[in-house]
Amino acid sequence: MRRLWIGLTVAVFSFLLIIPVIRIAMGAFDAGWSGFAQGLARPETLHALYMTGLIVVIVTVVNTLFGVMLSLYLVRASWLGKRLKQLLNSIVDLPFAVSPVIGGLMIVLLLGPETALGALFNKAGVDIVYALPGMIIATLFVTFPLIVREVMPVLQEIGSAQEEAAATLGASAWTTFWRVTWPSIRWCVVYGVVLTVARAMGEFGAVLVVSGNILFKTQTATTLVYQDVENFNLTAANSIALVLAAGSVTLLLLMEWAKSRREVH
Amino acid sequence: MSSMLQGRWWSWGFRSTVMLYFIVLIIFPIIGIYGQSFSSGWAAFAENITEPLAWKAVLLTVKLALIATVVNMLIGTMSAWVLIRYRFPGRRLLNSLVDLPFALPTAVAGLMILLLLGPNSPVGELAEKLGFTILFHQPAIVIAMVFVTFPFVIRAVQPLLEEMDASEEEAAYTLGATKATTFWRVILPNMLPGILSGAMLAFSRALAEFGAVVLVAGNIPGKTLIASVYIFGEIESDNAIGATAVSVLLLTFSFLILWTVNYVQMRRKNG
């Protein structure tokens with residue numbers, strides 16, 4: 001029995017996870033090393049990877065800051081009523097339930113060139129939709145819950161006794177946060193950040209709708225993969241996919257590391 | 001005194017910024033899409049919602065997502081069980097691989113399935129011989145959904161198995177229960193909450209999936225056109241009202257699932 005279950009599980013993992021990754025790697029080198037290099041060295045690939053990198057950095061920084069602060073407020077703040085906290089708490093998860101395409105559509109509907117807000121920004125010389133700001137907003141929306149969901153349970157678990165003690169002893173809010181709260185939540189923040197990076201790097205649906213997938217302007221790595229597949233340029237698609245998959249595996253290792261650190265503390 | 005005032009101003013500033021960010025980023029867009037869908041009146045909304053193609057797309061999505069969820073409940077429960085209860089070489093590696101679908105861009109996942117199951121691949125050829133095609137048909141969509149939702153059930157069941165008290169199981173054996181009876185009467189009921197909440201999350205994610213599916217589905221209306229791809233098509237052809245109508249339908253459905261999961265989890269924590 002035992003052998004059978006282990007064998008079945010290994011088979012499921014192999015077919016679902018391991019073989020597909022190997023297949024991508026093989027596909028990238030279908031035309032040898034030069035095919036792989038050519039796929040990557042195309043100017044559109046470099047631009048797309050640059051866009052993805054830019055979005056990942058901005059989104060991660062913004063959502064880490066706001067995510068940690070919002071978790072603190074939702075757990076600790078006395079100026080929010082209990083009911084209101086519960087309501088806000090259930091709203092945090094909404095982006096998980098929203099299909100990425102719908103997330104993109106929401107932003108187009110609110111800030112698109114034909115809307116009042118969009119026209120206003122357009123007059124000010126800033127394009128939101130079909131430009132970088134819209135893509136950043138879309139990714140912010142999609143990745144928003146990740147950090148909050150990691151940090152909130154820990155804050156609840158450690159309780160506020162130590163923080164109150166620090167405050168009683170005359171520490172400022174700032175000192176209390178860095179010396180008391182931060183050490184106990186930092187590995188969860190790191191874990192949330194890794195999840196955010198992974199999601200921001202891989203976001204496809206929302207970005208595709210908002211960006212319009214314009215070559216050399218708003219194309220990201222994932223939307224370029226999509227376009228290459230549609231154009232039957234499979235070797236190039238595989239090369240970019242392999243780079244993204246390598247990034248994912250690195251992130252996966254980071255996740256494992258953050259998880260092990262989190263358990264220690 | 002002045003420093004106190006300053007501190008107060010700071011905290012006020014922080015509070016309002018964070019709350020404003022939250023409301024503008026999350027709540028506005030959602031209200032916006034519901035508002036937009038009814039902006040041309042009930043008649044237009046009803047017309048778009050009763051569009052047969054839209055309904056077919058939504059129903060097809062629900063059907064395929066259900067199949068994917070059931071598959072995940074089975075292989076997810078089995079994998080969680082094996083990864084927690086058995087020791088074998090490679091166990092740690094497999095355990096860290098579980099999260100791969102979360103870390104991998106969905107478009108890359110779609111490409112993987114495209115390559116593995118295409119008509120030129122061994123699997124594709126085998127299926128062809130047996131008389132059916134996978135790629136661009138419903139099986140490919142289900143496989144894509146299973147792939148992207150794979151971690152949910154496993155990650156929900158594992159902690160329950162770890163926490164489970166060994167004495168219950170031992171008591172069952174001591175009382176003469178067979179392995180099968182113990183599993184059905186003692187172990188499974190313990191895992192069930194995790195299986196269900198993981199399945200709900202997997203289901204709502206499968207309903208929403210776009211990236212992995214768009215590359216492997218044939219997108220034939222009524223047969224392989226799922227809701228998110230339908231919405232994308234409507235956006236591409238500039239039919240914003242049609243897109244919002246289906247979006248509202250899908251969103252409401254997903255919200256209901258999400259809140260049910262939250263409610264069940266809260267009751268379990270409190271109870």
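How many residues of domain 1 of chain B are in contact with how many residues of domain 2 of chain B? I'll answer that, then go to chain A, and then to the contact between the chains. Please keep in mind that this is a predicted model.

Chain B, then. The domain assignment splits this chain into domain 1, residues 1-39, and domain 2, residues 51-270. As for the opening question, four residues of domain 1 of chain B touch four residues of domain 2 of chain B. On the domain 1 side, two of those residues are nonpolar, two are polar, and none is charged. The centres of the two domains of chain B, taken over C-alpha atoms, are 35 Å apart.

Now chain A. Here the assignment gives domain 1 as residues 1-30 and domain 2 as residues 42-264. The C-alpha centres of these two domains are separated by 30 Å. Six residues from domain 1 of chain A and seven residues from domain 2 of chain A make up the contact. The domain 1 side of that contact in chain A has four nonpolar residues, one polar and one charged.

Next, the contact between the two chains. Chain B puts in 58 residues and chain A puts in 57 residues. On the chain B side, the element that gives the most is helix H1, residues 2-38, with 14 residues. By class, the side of chain B that touches chain A counts 45 nonpolar, eleven polar and two charged residues.

One pair of helices to look at on your screen: H6 of chain A, residues 100-111, and H12 of chain B, residues 227-236. Their axes come within 9 Å of each other and cross at roughly 30°. Angles under 35 degrees count as roughly parallel, and H6(A) and H12(B) are therefore roughly parallel to each other. The handedness of this crossing is left-handed.

Which residues meet there? From H6(A), they are A:Val101, A:Ile102 and A:Leu105. From H12(B), they are B:Ser228, B:Ile231, B:Phe232 and B:Ile235. Sorted by class, the contact of H6(A) with H12(B) has six nonpolar residues, one polar residue and no charged residues.

To go back over the main numbers: the chain-to-chain contact takes 58 residues from chain B and 57 residues from chain A. Within chain B, the contact between domains is four residues with four residues. Within chain A, it is six from domain 1 and seven from domain 2. That's what I have.

Conventions
Residues numbered from 1 in each chain as written. Chains lettered and ligands numbered in written order. Predicted model: local features only at pLDDT ≥ 70, side-chain atom pairs only at ≥ 80, totals over all residues. Axes fitted to C-alpha atoms, helices over the stretch in contact; angles between N-to-C directions. Helix = DSSP H or I, 4+ residues; strand = E, 2+ residues; numbered from the N terminus. Parallel < 35°, antiparallel > 145°, perpendicular 65-115°, else oblique. Left-handed = near helix turned anticlockwise from the far one by under 90°. Nonpolar A, V, L, I, M, F, W, Y, C, P; charged D, E, K, R; others polar. Domains from an automatic or database assignment.
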